[in-house]
Amino acid sequence: MTATFGPSPYIYVCTRLRVRKKKLILREEYMRMLHMGLPEITRLIQETEYKREIDELSTSFSGINLLELALSWNLAKSYQNVLKILPAGLKEMTSSYLRRWDIQNVLTILRGKEQKLKPGRIKEVLIPAGELDRTFLDRLIAMDSNDEIVEALKGWRLFRTLESEYQKVPEVGSFAQMENVLYRQFYAEIIRDAESGIKGGKEFLDFIQLDIDIRNLQNLLRIRLQGERAEISDYMIPGGSFTVEELSGLNKIEERGEFYERLEKSLKNRAFIGFVERLKSSETKAEEERRLEESQVALTRIQLAQMERMSKMHPFSIWPILAYLELKKFEIYNLRAITRGKEANLPMERIRNYLVI
Amino acid sequence: MAVENLTGLSVEMIEASQMGMTALAAAIAVGSTGIASAFAEYGIGSAAVGATAENKDVFGLVLLLTVIPETIVIFGLVVALLMLF
């Protein structure tokens with residue numbers, strides 16, 4: 001569906017995705033899975049929509065690796081299926097949003113090669129949901145060195161950034177800085193796309209801002225938990241409701257009370273108020289540290305709740321589409337957490353804390 | 001001989017004019033309610049096709065929901081018929 005006339009394509013697509021969203025695994029089912037053993041969970045997953053991928057891959061993989069790969073493939077396939085039914089404007093915005101998977105895949109391959117992992121192991125964790133398709137990623141995995149991989153990415157839209165940052169890797173010693181720069185570049189590009197006057201761009205821009213805020217807050221709180229008070233502006237992404245200077249200034253505050261006070265004052269999005277108040281009300285340092293640890297998942301839950309709210313306020317816009325894509329991503333994330341947790345014999349409570357429900 | 005009123009029109013002419021006006025009113029009643037039904041149905045129809053594409057079991061239900069705005073045009077038709085006969 002490429003031509004758009006009036007709002008009907010939007011209504012059609014948003015309804016389809018709303019129905020798909022209803023088919024996602026429910027909270028009660030996750031709770032039931034937590035009480036099951038790994039073979040039972042595998043059987044349960046096999047009975048759902050992941051059956052086709054599991055059947056397809058079962059000749060080459062087995063056990064938990066089979067599950068992991070089937071989940072990743074299913075996610076990529078669901079994303080590509082969504083793209084197929086979107087009308088022009090929405091398709092453009094959704095494709096921009098899905099380009100983040102390219103960064104993740106490229107970095108996974110580079111890191112995997114650096115650590116001399118087997119191609120099969122790297123392949124398991126790739127999610128070919130972006131512009132770089134499965135065949136191209138397979139070709140990259142088959143290459144011998146990272147230099148060759150970077151060279152092969154010449155046509156990629158982030159190639160120039162990748163190339164210049166790749167040269168700095170031996171000096172820096174890790175891919176972390178490269179990752180930050182690539183994501184900053186990615187967000188700058190999608191903000192530009194959203195502001196290009198595209199229909200529905202305002203809603204897309206609101207989503208990007210929310211996404212950047214969540215990422216920045218997650219990073220800020222993670223750094224805070226590690227007790228790091230150095231300059232953090234390199235780790236922050238510009239374009240959110242907080243400025244990079246604001247976030248950087250916040251991290252420099254030593255005193256706990258003052259930090260939360262200032263953070264609360266800088267909040268422009270009301271969705272975060274309850275979250276910050278909860279952190280602020282921690283009575284002991286241990287309690288605060290526990291809440292900070294939980295804050296990563298808590299912020300993701302806030303993001304999903306906010307997306308759900310926005311998709312009700314703007315029922316025929318980019319919001320219901322992105323809400324489905326995000327919820328699908330977290331379904332995969334949850335299933336992985338449960339299967340990996342069960343395999344490692346983690347206690348049920350611990351696995352439950354990792355779940356985004 | 002036709003009785004003429006102050007405007008110089010005969011009764012037959014006035015009657016014919018009234019008939020024409022009634023027919024025009026009936027046409028407006030059916031036409032405007034038809035447009036209103038179409039406007040209501042295109043949104044419901046798009047959503048119905050979307051829902052059916054994902055879950056074929058809802059076809060019967062969404063078909064019923066799609067034709068509910070047809071009642072608007074039926075009202076228009078009833079009003080038109082009352083005007084004409």
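This passage walks through the interior of a predicted model, from its nonpolar core to its cavities and one of its helices.

In this predicted model, local features need pLDDT of at least 70 and side-chain atom pairs count only at pLDDT 80 or more, while totals for chains, interfaces and linings use all residues. Residues are numbered from 1 along each chain as its sequence is written, chains are lettered from A in the order in which they are written, and side-chain values use heavy atoms, with hydrogens and water left out.

A good starting point is the largest nonpolar core, which has 114 residues. A nonpolar core is a set of buried Ala, Val, Leu, Ile, Met, Phe, Trp, Tyr and Cys residues joined through side-chain atoms within 4.5 Å; buried means under 20% relative accessible area with a 1.4 Å probe, protein chains only. Within this core, Leu153(A) and Leu162(A) touch the most other members. Beyond its neighbours within four places in sequence, Leu162(A) is in contact (heavy atoms within 4.5 Å) with residues including Leu153(A), Trp156(A), Met178(A) and Leu182(A). In soluble globular proteins, nonpolar side chains tend to be buried together.

Met178(A) and Leu182(A) also appear among the buried residues of helix 12 of chain A, as do Phe186(A) and Glu189(A). Helices here are DSSP runs (H or I, at least four residues), numbered from the N terminus. Helix 12 has 19 residues and reaches 27 Å from its first C-alpha to its last, close to the 27 Å expected at 1.5 Å a residue. The cover over its buried residues includes helix 6, helix 7, helix 11 and helix 13 of chain A.

Helix 12 leads on to the second largest cavity, where helix 7 and helix 12 of chain A each supply at least two residues of the lining. Among the lining residues are Asp102(A), Ile103(A), Trp156(A), Phe186(A) and Glu189(A).

The largest cavity is lined by Trp73(A), Lys123(A), Leu126(A), Pro128(A), Arg134(A), Leu137(A) and Asp138(A). Helix 9 (residues 134–142) of chain A gives the most to this lining, with 3 residues. A cavity is a set of points on a 1 Å grid over the protein atoms alone where a 1.4 Å probe fits but cannot get out, and lining residues have an atom within 4 Å of a point.

Finally, a charged residue of chain B deserves a look: Glu54(B), in helix 1 (residues 11–54), counts as buried because its relative accessibility is 14%. Leaving out residues up to four places away in sequence, Glu54(B) touches Arg16(A), Val19(A), Arg20(A) and Lys23(A).

How values were computed:
Buried < 20%, exposed > 50% of the residue type's maximum accessible area, 1.4 Å probe, protein only. 1 Å grid on protein atoms, 1.4 Å probe; cavity = no way out; pocket = protein on both sides within 12 Å on 5 of 7 lines; lining within 4 Å. Expected span 1.5 Å × (residues − 1).
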